[in-house]
Amino acid sequence: TLLMTVAARYYVTVTDSFGCSNTTSYAYQIDTTLHAGFRIQSSSLCVNGCAAVINTSANAINYQWIFPGGNPATSTAISPATVCYDTPGTYDITLIATNGLVYDTLTLPGAVTVLPLPIVTLQMYHDTIVADPGFSNYVWTYYGSILSGQTNDTLIATIDGYYGVSVTDTNGCVSASDSVLYISVGVGEISGRSIRVFPNPNSGH
């Protein structure tokens with residue numbers, strides 16, 4: 001067995017047990033054609049999400065990436081670790097590959113689709129806090145801490161303080177509401193003491 005690493009014609013001669021021999025050859029050629037290529041992992045993102053770009057180019061030594069709307073906007077890395085997007089939309093990606101002599105350019109239209117984050121608002125009705133319906137998941141919080149087991153679009157507040165909710169839409173995008181302040185209203189029961197009521201003004205009695 002021979003591992004061929006250089007383009008050339010290789011010869012091999014074999015001899016059997018009777019001393020008879022034969023020679024054959026094989027011309028090994030290396031494909032030196034320059035080819036720009038790449039693929040995208042997670043091409044559908046939520047706002048502030050990031051996509052991994054994997055270089056599949058052949059016979060190139062230098063690269064110029066162009067990411068309209070992305071961060072970074074350009075790169076000369078072989079395979080940029082991640083490209084992040086903060087605005088909804090559809091974005092092209094362009095790769096220019098070179099071997100030092102010639103260039104090959106590949107543009108992939110609509111390579112990345114960035115989906116908007118859901119918008120959720122809260123309404124208060126006495127001690128009941130209601131979030132917009134229709135999301136696939138709800139996570140309620142009290143001063144930023146998750147309230148275990150509260151996964152519906154309605155929450156009954158039991159303690160004064162700030163409440164909020166995080167929601168997930170059908171695309172898997174997550175967003176949080178503004179917090180709302182719940183303050184209980186009412187007079188607690190008074191026991192052990194009598195209450196006396198006087199008119200105002202009064203005669204001093």
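A contact here means heavy atoms within 4.5 Å. With that in hand, 46% of the contacts in this chain with a separation of 6 or more come from residues 24 or more positions apart. What you're looking at is a predicted model, and the chain has zero helices and 18 strands. Two disulfides turn up in a search of the whole structure, along with seven aromatic pairs and a nonpolar surface patch of about 420 Å².

**The chain overall**

- Of the 205 residues in the chain, 27% count as buried.
- About 13,800 Å² of the chain is exposed, and carbon and sulfur atoms supply 53% of that area.

**Disulfides**

- Start with Cys-46 and Cys-173, which are joined by a disulfide with an S to S distance of 2.1 Å. This pair links distant parts of the chain, 127 residues apart: Cys-46 belongs to strand E4 (residues 44–46), while Cys-173 sits in the loop between strand E16 (161–168) and strand E17 (174–176).
- The link of Cys-46 and Cys-173 is left-handed, with -95° about the S-S bond.
- Cys-173 has 0% relative accessibility, so it counts as buried, the cut-off being under 20%.
- The other bond to look at joins Cys-50 to Cys-84, with 1.9 Å from S to S. Cys-50 is in strand E5 (residues 50–55) and Cys-84 is in strand E8 (residues 83–84), so this disulfide ties together parts that are 34 residues apart in sequence.
- The torsion about the S-S bond of Cys-50 and Cys-84 is about 100°, so this disulfide is right-handed.
- Both ends of that bond are partly exposed: Cys-50 has 34% relative accessibility, and Cys-84 has a relative accessible area of 23%.
- If you number the bonded cysteines of the chain in sequence order, the pairing reads 1-4, 2-3.

**Aromatic pairs**

- A pair of aromatic rings is described by how far apart the centres are and by the angle of the planes.
- Phe-135 and Tyr-138 have ring centres 6.0 Å apart and planes at 75°; since planes over 60 degrees apart count as edge-to-face, that is what this pair is.
- Phe-135 is buried, with a relative accessible area of 18%, and Tyr-138 is buried too, at 5% relative accessibility.
- Tyr-142 and Tyr-143 also make an edge-to-face pair, at 4.9 Å centre to centre and 85° between the planes.
- Tyr-142 counts as partly exposed at 22% relative accessibility, whereas Tyr-143 is exposed, with a relative accessible area of 54%.
- Ring pairs also build a cluster out of Tyr-142, Tyr-143, Tyr-162 and Tyr-163.

**The nonpolar surface patch**

- Tyr-143, Tyr-162, Leu-181 and Ile-183 make up the patch of about 420 Å². Two of these names may look familiar, as Tyr-143 and Tyr-162 are also in the tyrosine cluster.
- Ile-183 is found in the segment after strand E18 (180–182).
- Is Ile-183 buried or exposed? With a relative accessible area of 52%, Ile-183 is exposed, because the cut-off for that label is over 50%.
- Tyr-143, at 54%, is another exposed member of the patch.

Notes. Residues numbered from 1 in each chain as written. Predicted model: local features only at pLDDT ≥ 70, side-chain atom pairs only at ≥ 80, totals over all residues. Heavy atoms only, no water. Patch = residues over 30% accessible without salt bridge, like charges linked within 9 Å, V, L, I, M, F, W, Y side chains within 5 Å. Areas by Shrake-Rupley, 256 points an atom, 1.4 Å probe, with all protein chains shown as cover. Salt bridge = Lys/Arg side-chain N within 4 Å of Asp/Glu carboxyl O. Helix = DSSP H or I, 4+ residues; strand = E, 2+ residues; numbered from the N terminus. Buried < 20%, exposed > 50% of the residue type's maximum accessible area, 1.4 Å probe, protein only. Disulfide = S-S within 2.5 Å. Phe/Tyr/Trp six-rings, centres within 6.5 Å; stacked < 30°, edge-to-face > 60°.
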